[in-house]
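Reader: Got a minute to walk me through this one? Show me what you're looking at.

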Amino acid sequence: MPEKQLQGVYKNQGFWRARVFERDTDIYLGHWAEKEEAAEAYDKAVLKLRGQDWALKHGLNNPEGVAAYDMSELADMSFEQLVETLRLKSKQKIFGNLPPELRGSLKLR
């Protein structure tokens, strides 16, 4: 059986990239080693950007849907703050696993 295609997630240069589109703009959310982490970033971004009603109608990557996420955490920040937080977390996860001498040589965006 083929694997389910994840919304807003694709593989790029060995990492899983998450992005969301808003008004014809591709908003980069980060790169992750695991596709589930990228899928979670996408889910959080669309929940913040489009709301719970949209997520219930169109679905999320996580099969548990809206119940899988702490909505109070998302309510406490703007969409821009969420995007910056997701990008920072993705860089920390990837660069944190590299030896210090290689951290400056890899550019993700």
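Author: Sure, here is a quick tour of the sheet, the core and a ring contact; bear in mind that the model is predicted.

Reader: Sheet first, then. What order do the strands have?
Author: S1-S2-S3, in an open sheet of three strands with antiparallel pairing. S1 and S3 stand at the edges with a single partner strand each, so one side of each has no neighbour in the sheet. On average, neighbouring strands are turned by 35 degrees against each other, direction ignored.

Reader: How many bridges join S2 to S3?
Author: Seven. In that pairing, Phe21 stands opposite Asp26 of S3. On the other side, four bridges join S1 (residues 9-12) to S2 (residues 15-22), and Tyr10 has Arg17 as its bridge partner.

Reader: And the S1-S2 hairpin, which residue takes a positive phi there?
Author: Gln13, with phi near 55 degrees; the hairpin has two residues between the strands.

Reader: OK, what packs on the sheet?
Author: H1 does, touching S1, S2 and S3, and its direction makes about 15 degrees with that of S2.

Reader: Switching to the largest nonpolar core: which residues touch the most other members?
Author: Val20, Leu29, Leu47 and Leu60, out of 24 residues. S2, S3, H1 and H3 each give two or more residues to this core, with the largest share, eight residues, coming from H1.

Reader: What is Leu29 in contact with?
Author: Beyond its neighbours within four places in sequence, the contacts include Val20, Ala41, Ala45, Val83 and Leu86.

Reader: Last one: what lies over the face of Trp54?
Author: Arg50, at 5.3 Å from the ring centre. As for aromatic pairs, the count is zero.

Terms used: Residues are numbered from 1 along each chain as its sequence is written. This is a predicted model: local features need pLDDT of at least 70, side-chain atom pairs count only at pLDDT 80 or more; totals for chains, interfaces and linings use all residues. Side-chain values use heavy atoms; hydrogens and water are left out. Two strands pair if DSSP finds at least two bridges between them. A nonpolar core is a set of buried Ala, Val, Leu, Ile, Met, Phe, Trp, Tyr and Cys residues joined through side-chain atoms within 4.5 Å. Buried means under 20% relative accessible area, exposed over 50%, partly exposed in between (1.4 Å probe, protein chains only). Contact means heavy atoms within 4.5 Å. Rings of Phe, Tyr and Trp (its six-membered ring) pair if their centres lie within 6.5 Å; planes under 30 degrees apart count as stacked, over 60 as edge-to-face and the rest as tilted. A charge sits over a ring if NZ of Lys or CZ of Arg is within 6 Å of the ring centre and within 35 degrees of the ring normal. Axes are lines fitted to C-alpha atoms, for helices over the stretch in contact, and angles run from 0 to 180 degrees between N-to-C directions.
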